[in-house]
Amino acid sequence: MNSNYKGNKLIRQLVILTDFIILNLVLAAFYVYDMELMPEYFDQATKITVFVANVALFCGEYFYSTIIHIRKIDFGQVLKRTFCLALTTTVAFFLFIRLISDNNKMLTFSVAFGLAFYAVLIISRFCELYILKYYRSKGHNGRTVMFVGNDPAIIEMYNDMTEDPSAGYHVKGYYAIQDIPNAPTGLVRLGNMDMLNEIMDSSINNTINGSPINIEDLFCCLSHDDSKTIIKLMHFCDKNVIHFYYLPRQFGEYKLHLDPRTFLGKTVYSNHFEPLTS
């Protein structure tokens, strides 16, 4: 398995571990500083209470575990995901305790505990995101990308990937029959399609030493007329555990303004939003 996949998995596991540490610290803080809100049952069965709280967080992590390891993530998405995690954990904690104890303070405590847990989680996520972005901006935990084709759409994707160094994308270059017109200096042509075919032919059935091109993501931007090449690239990626993406070609050459839309679960391209007012 590629070291970058292992790195993402490790980051996710560390964040989850931190969540459990935060949960227990918040619970301990209520024990020490706010005994008035604490239900009496917690004092009588402290170990069970701590166990139930951790089981509740386990349930929350199962449904709403961290997403900060995902590249190009918006902090608003992190806020929403963290809120769902804190809410699920708090509700599960409340319900589990109510099953084994009847205490009037439990509802009030749950609200206070949930708010405190969410607040600390948000601070934690902010710090984790900052550390992760800094780490990736220094060249660690990156993802190596390669393009196939010479359509201008590749330039747009390249610019999106490289505008923020903290996303951790490293573009190796592209293979194509011809150069991409007006390509940025960092987007270099690695060779023609014959060279790429030679690489695939020599390694598609011999992957014991890994992929010879050493990438994690491959973006294919070829015409549908090249379906045989596209299928071959997909098989090559499957054999070498590489993420394959089909990048739609640009409509600029037709002088049309078309934007991607989701229609009946499919991606289509349209000239207007609905209703047709623009």
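Just after helix H5, Gly139 takes a positive phi of about 95°, and that glycine is a handy place to start a tour of this predicted model. The protein chain has 278 residues, of which 40% count as buried. Its secondary structure comes to eight helices and seven strands. Below you will find the helix before that glycine, then the sheet, the helices that lie across it, the salt bridges, and two residues to look up in the viewer.

**Helix H5**

- Helix H5 covers residues 106-137, which makes 32 residues.
- How far apart should the ends of H5 be at 1.5 Å a residue? The expected span is 46 Å, and the end C-alpha atoms are 45 Å apart, so the two values agree.
- Gly139, with its positive phi, comes just after this helix.

**The five-stranded sheet**

- Five strands form an open sheet with parallel pairing, and their order is E3-E2-E1-E4-E5.
- Strand E3 (189-191) and strand E5 (243-246) are the edge strands, each pairing on one side only.
- On average, neighbouring strands of this sheet are turned by 30° against each other, direction ignored.
- At the E3 edge, strand E2 (residues 169-175) and E3 pair in the parallel sense over two bridges.
- To find this pairing in the structure, look for Tyr175, which stands opposite Gly191 in E3.

**Helices across the strands**

- Helix H6 (residues 153-162) lies across three strands: E1 (143-148), E2 and E4 (217-220).
- The direction of H6 is at about 170° to that of E1.
- Helix H7 (residues 193-203) lies across E1, E2 and E3.
- H7 runs at about 110° to E2.

**Salt bridges**

- Side chains of opposite charge can pair when their charged atoms come close.
- How many salt bridges does a search of the whole structure find? The search finds six.
- One of them joins Glu128 and Arg125, with the closest N and O atoms 3.3 Å apart.
- Glu128 and Arg125 are separated by about one helical turn, because they are three residues apart in helix H5.
- Is Glu128 buried or exposed? Glu128 counts as buried because its relative accessibility is 12%, and buried means under 20%.
- Arg125 has a relative accessible area of 2%, so this residue is buried as well.
- Arg125 and Glu128 also belong to a network of salt bridges that includes Asp19.
- Arg143 and Asp217 form another salt bridge through their side chains, at 2.8 Å from N to O.
- This pair links distant parts of the chain, with Arg143 in strand E1 and Asp217 in strand E4, 74 residues apart.
- Both partners, Arg143 and Asp217, are buried.
- Lys232 and Asp201 also meet in a salt bridge, with a distance of 2.7 Å from N to O.
- Because Lys232 lies in helix H8 (residues 227-239) and Asp201 in helix H7, the pair ties together parts that are 31 residues apart in sequence.
- Lys232 has a relative accessibility of 23%, so this residue counts as partly exposed.

**Two residues to look up**

- Ala56 lies in helix H3 (residues 46-64).
- With a relative accessible area of 0%, Ala56 is buried.
- Which residues does Ala56 contact, leaving aside its neighbours within four places in sequence? They are Thr89, Ala92, Phe93 and Phe96.
- Phe94 is 38 residues from Ala56 in sequence, and their C-alpha atoms are 8.8 Å apart in space.
- Asp194 is found in helix H7.
- Asp194 is exposed, because its relative accessible area is 54% and exposed means over 50%.
- Between Asp194 and Ile177 there is a separation of 17 residues in sequence and 8.5 Å in space, C-alpha to C-alpha.

**The chain as a whole**

- Among contacts between residues at least 6 apart in sequence, 72% join residues at least 24 apart.
- The accessible surface of the protein chain comes to about 16600 Å².
- Carbon and sulfur atoms account for 60% of that surface.

Conventions. Residues are numbered from 1 along each chain as its sequence is written. This is a predicted model: local features need pLDDT of at least 70, side-chain atom pairs count only at pLDDT 80 or more; totals for chains, interfaces and linings use all residues. Side-chain values use heavy atoms; hydrogens and water are left out. Helices (H or I, at least four residues) and strands (E, at least two) are DSSP runs, numbered from the N terminus. The expected span of a helix is 1.5 Å times one less than its number of residues. Two strands pair if DSSP finds at least two bridges between them. Axes are lines fitted to C-alpha atoms, for helices over the stretch in contact, and angles run from 0 to 180 degrees between N-to-C directions. Contact means heavy atoms within 4.5 Å. A salt bridge is a side-chain nitrogen of Lys or Arg within 4 Å of a carboxyl oxygen of Asp or Glu. Buried means under 20% relative accessible area, exposed over 50%, partly exposed in between (1.4 Å probe, protein chains only). Accessible areas come from the Shrake-Rupley method with a 1.4 Å probe; for residues, only the protein chains shown count as cover.
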